[in-house]
Amino acid sequence: MSEENSMNLDDRIGKETVLYGYIAVSASTNRLSHNFNKALKEENIDGMMIPMNIREDDFYFTLSNMKKSHVNGAMLGLEYQKEILDLLDDSSEMVKKSGGCDFVKRAGQTLSGDFISADVVKEFIKADQSIKKIAIIGDEPLSRGLALLLEGYELSFYDSEIERLLSMSQDLHVEMDINYLSPNGVDFSGYDMLIDTTIEDISTCISKPSAMNLDIKDSKSFSSLKGFEGYIGFDNLLDFYTIHLIEDIK
């Protein structure tokens, strides 16, 4: 593990240090911990995020034992954002509505979950005033969260199974522009941004991409959008995630 991608090695962990983990299969290759720890130093906050490489077979054991640990909270990689739900003692409204959790906090021996990725993507989009028309693929937690948060934007939702989008619309009580994601390819060039919330290979479903093509996959994960110009992934959102987490500590 390189120093750049791990915790701040010159720091010391004291009794008052706020400890966060970043839990993913390949957490040590993700720059979130490094980015977060750098910001903590700049803010003079006694805290640290530690990357934790956790295999799928060890996930439940690790999170169950977190209740008895000194770790205050943890960010979760995309692969664990649904797996965590059965282990939560409490959850935010966004977790309940989206069906995903990417940030868990410990209070005593209980775990409380939140889903902050939708807020992060919303803030990223708001920073670019040219974005008005957005296509969103899938009915995953991020898609559900954005359906609730992106007011004032022209949203279109795509899926290979229309029924899933109809169910999402009913669950969220949100009227949606629902479209079929054809395996023969869809032209997304008329949108300002395309967001893929799925984990499947949908490369053949995109005949033309948008000017901006976003997902929240890290650099080591397969992405159907990475081959297109204007690709935006997890690494491009690091500062927005860091701001969110810093505010939580404050």
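Let's start with S169: setting aside neighbours within four places in sequence, S169 touches V174, E175 and M176. Keep in mind that this is a predicted model. From S169 we'll move on to the sheet, a helix that lies across part of it, and the largest pocket.

**Around S169**
- You'll find S169 in helix α6, which covers residues 162–172.
- S169 counts as buried because its relative accessibility is 15%, and the cut-off for buried is under 20%.

**The sheet**
- Six strands make up an open sheet with parallel pairing, and their order is β9-β8-β7-β11-β13-β14.
- The edges belong to β9 (178–180) and β14 (231–232); each has a single partner strand, so one side of each has no neighbour in the sheet.
- Strands β7 (residues 133–137) and β11 (residues 193–196) run parallel and are joined by 4 bridges.
- Look at A135 for a bridge partner in β11: that partner is L194.

**A helix across the strands**
- Helix α5 (residues 141–149) lies across β7, β8 (154–159) and β11.
- Relative to β8, helix α5 runs at about 155 degrees.

**The largest pocket**
- The volume of the largest pocket comes to about 590 Å³.
- Its lining has 30 residues, and the closest to the pocket's centre are G77, L78, E79, Q81 and I199.
- Two elements, β3 (73–76) and α5, each give two or more residues to that lining.
- By type, the lining residues of the largest pocket split into 13 nonpolar, 7 polar and 10 charged.

Methods:
Residues numbered from 1 in each chain as written. Predicted model: local features only at pLDDT ≥ 70, side-chain atom pairs only at ≥ 80, totals over all residues. Heavy atoms only, no water. Buried < 20%, exposed > 50% of the residue type's maximum accessible area, 1.4 Å probe, protein only. Contact = heavy atoms within 4.5 Å. Pairing = 2+ DSSP bridges. Axes fitted to C-alpha atoms, helices over the stretch in contact; angles between N-to-C directions. 1 Å grid on protein atoms, 1.4 Å probe; cavity = no way out; pocket = protein on both sides within 12 Å on 5 of 7 lines; lining within 4 Å. Points joined across faces, edges and corners; volume = space filled by probe spheres on them. Nonpolar A, V, L, I, M, F, W, Y, C, P; charged D, E, K, R; others polar.
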